[in-house]
Amino acid sequence: MKESISTSVLRVDSRKKIRGEAEYISDWKFENMLYAKTVRSTKAKAKITAIKLPDIPKDYYVVDRNDVPGVNRMRTVVSDHPIFAEEDVQYIGQPILLVVGPDREIIYKIVSQIEIKYQEEEALFTLEEAEKRSTVFTDYNYKKSDPKKAFEQAVRIIEDEYSTGYQEHVYLEPQGIAAEYKDDTLFVYGSMQCPFYVKNALLETMALPEEKIRVVQTVTGGAFGGKEEFPSLNGCHVAVATHKTRQPVVMIYDRDEDILCSTKRHPSITRFKAGLDEYDQIIALDIDVLLNAGAYNGLSPVVLQRAIFSATNVYNIEHLNVRGRNFMTNLVPSGAYRGFGAPQTIFGIEMMFQDIALILGIDPLEYKMRHLLKQNDPTCTGGSIHEEVKMKEIVQKAVEQSDYYNKLKTNKKYQGIGISLFLHGCGFTGKGETLIKGKIILQKNKDVVILKVSSVEMGQGAETVLPKIVAHTLDIPIEKVIYETVDTGLIPDSGPTVASRTTMIVGGLLRECALEMKARWDEAETFEVSKIYKHPDFLHWDDDTFHGDAYPVHSWGANVAEVEIDPITYELTIKKITAVFDVGVPIDERALIGQMQGGIVQGIGWATIEVMKTANGKLIQKNLTDYKIPTSMDVPGIDCDFVLNPYEFGPFGAKCAGELSFVGSPPAVAAAVENALGKPIKDIPITPEMLMEIDNDH
Amino acid sequence: MIIEFTLNNEKVKMDVEPTMRVLDLLRNDLGMSSVKEGCGEGECGACVILVDGRAMNSCMLPAGAIVNRSIVTLEGFKHTEQFKVIEAGLLKAGSVQCGFCTPGFVMAIESLLNQNPDPTDEEIKEGLSGNLCRCTGYNMIIKGVRLAIEKGAGLW
């Protein structure tokens, strides 16, 4: 019998990585290559009044906005970030110019001699100040049913507010990018998630025709959203530099520079007002989401959309009024990070449910289960839950495997257990997929099959999982499926590697192509099958009113966290995580467990030790000595289990997984801490200082 | 200054600034690209090499400190029996995702097993706590080490 698709295979890329033979962009060498270093703003908000350059030696160059052949703005959702600063700067770390040349020591010397004069202006930094001064970039609102009337009828109203902090991606490979001309075609190579985003940005900034630009993804050492929109900026930097110098230019950030200037997870505040009926059921919610977008809006509007469309999580609330605002502050721009706004609001609503249940004296899990969505229920945006909801089975497994109720009863003070329920909307939000219209090509070439997609391997396993879908469909060994180099000159645009869409959307298209190829296999020695994504007909979405199916389908899960708090030092130890997920059908169980465990640990980091704050616009944590991510000593044992729930439109029934993994552990850990101390937790990261204060506050 | 040391069992003699980072010496002058720079301040372990058999962060090591010492990078270590066993363990456990931290982990595992051929899980965690991984959550790396120890009994 043929093996199940879920049976694990060896990762295609692991051997060369274990042997140290994978070539990341920092390992690339070009003939006559130059290095580039960025000179950045040291002021949070200022006019640039003068730039005084030292004598620039031969073979060294200064590259700035005057060298940009096209538009001096990075193309993204809102194209507001200047490639190089113009008259003003809006955050510390904003790029002003590059120094380019053959010897890095000399470049650093030139950089140290450049004097930039500023006229400083009043800046603002926090969400609270931004709200007071109404520096709103984006203001969204949607309603469901009649919240006004429902609040009038409510017998009890409970209000609360929850906040979350910054998170730095800390992909182990810092940002790196290179550019060169080959004849008159511009090539940009680098560590990235979205080669066509970079290409589209270059089209505008370099004012070159489409056929004169090629973007090539190099082995990417982790990304998590941090290499989604950002490489469009540094990609334009090296492209302008190579345009000026006509030599290859390489720019590799060191960790300090990477942390200083790259995007981060949006700090957030989420406010809830809940209206309860006489049976304690929540009948109405007023939700107000505030995100700190930083100095430029960029990708933040779509992050905000996912934040507000995820704000009711797995619950069916009849009457809703949901508002979301992105605020401008003079801080480094926030951007894409695994979960894309959803972890912030889901943390909020999970804690709200927990806290209301405790006020009412009801078991939190039971209270949550009373409000659970089921199949054919309306979503928060008035669409429909089309898939079967297996949350009861998921929760039952999580509860049994963790011995949840027994521990809840027997835990002593400073020992805690908590559970979170959560979902993730699979693929792009709203009409995203219909705008991108992802295209893929599958090519038969005698006994091998070449797969042409723009999805990149960045650690998540695309280079194994996508060929596996094709191989399994065609009944050929995986070695016979070749993943074409992700080079925009060789592949179609199947969309960016984001939004947990790769396996479900791109893998789904590959499965369709492979099925057709299988039927036509004997037709010819070489032929090509191509497909363009088509949204299932039953899905409807109105982008103006935010009404309809924001997502085609959801993945679901429950996490149980067990914690211990040291009663003297208040150090928090995560003892164990029990996680159960419905991701449809696992395409490769081992690769999937790797994703889930990694996401859970990133979530634990965000909820506990990953503290990042600012003072007067400056990041206080500016390197890996100050900004701590979990080490092997900080991680608990993690049990992962799956509930099968095949999705009709996913390959072999697969749905989304990569981001879902992140969403559940922060509220589970916070709920466990509440349980350990018997006091509410409203903010993450949870630090020992905070726990000491909460515990001693009578 | 002129320094001499062995790199992957071969003698090297070169003229360097004594304060130059061994990381740069290895990557830029000697082509040892398995040695990765992840943080440049001794926190992440991506640049771990063996100095006289023990794991050290090459970004924190000045060239002057390796005079007459034996340096091993993955370029040399990958030809050993110990490597093959570690590789098999990591492959089977699914320990690798983005791979940028992997060379440093391989060297740290070798150093750990050199000093303690039969570590407990807690000792493995402690032994690898100088190496950061952002992808896996470590459980599958620890499992990979466990598999290597089972397969390679007697090698260390």
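Two residues are in contact if their C-beta atoms, placed from the backbone, lie within 7 Å. The model is predicted: local features need pLDDT of at least 70, side-chain atom pairs count only at pLDDT 80 or more, and totals for chains, interfaces and linings use all residues. Residues are numbered from 1 along each chain as its sequence is written, and chains are lettered from A and ligands numbered from 1 in the order in which they are written.

Q: What makes domain 1 and domain 3 of chain A touching domains?
A: The contact criterion is met by 15 residues of domain 1 of chain A and 14 residues of domain 3 of chain A. The elements giving two or more residues to that side of domain 1 are α5 (195-206) and β11 (213-217) of chain A; helices (H or I, at least four residues) and strands (E, at least two) are DSSP runs, numbered from the N terminus.

Q: Where do the bounds of the domains of chain A lie?
A: Chain A is divided into domain 1 (25-121 + 169-261), domain 2 (268-429 + 547-696) and domain 3 (438-532). Such bounds come from an automatic or database domain assignment. Between the centres of domain 1 and domain 3 of chain A, taken over C-alpha atoms, there are 32 Å.

Q: How many residues link domain 1 of chain B to domain 2 of chain B by contact?
A: Contacts join 15 residues of domain 1 of chain B to 13 residues of domain 2 of chain B. On the domain 1 side, β3 (48-51) and β4 (54-57) of chain B each give two or more residues, and β3(B) gives the most, with 3 residues. By class, this side has 9 nonpolar, 4 polar and 2 charged residues, where Ala, Val, Leu, Ile, Met, Phe, Trp, Tyr, Cys and Pro count as nonpolar, Asp, Glu, Lys and Arg as charged, and the others, Gly among them, as polar.

Q: Which element gives the most to the side of chain A that touches chain B?
A: That element is α16(A), with 7 residues. In total, 40 residues of chain A are in contact with 38 residues of chain B. The chain A side divides into 16 nonpolar, 14 polar and 10 charged residues.

Q: Why are some residues of helix α1 of chain B called buried?
A: A residue is buried because 20 or more other C-beta atoms, placed from the backbone, lie within 10 Å of its own (exposed if 12 or fewer, partly exposed in between). In α1 (residues 22-29) of chain B, the buried residues are B:V22, B:L23, B:L25, B:L26 and B:R27. After α1(B) comes B:G31, with a positive phi near 70°.
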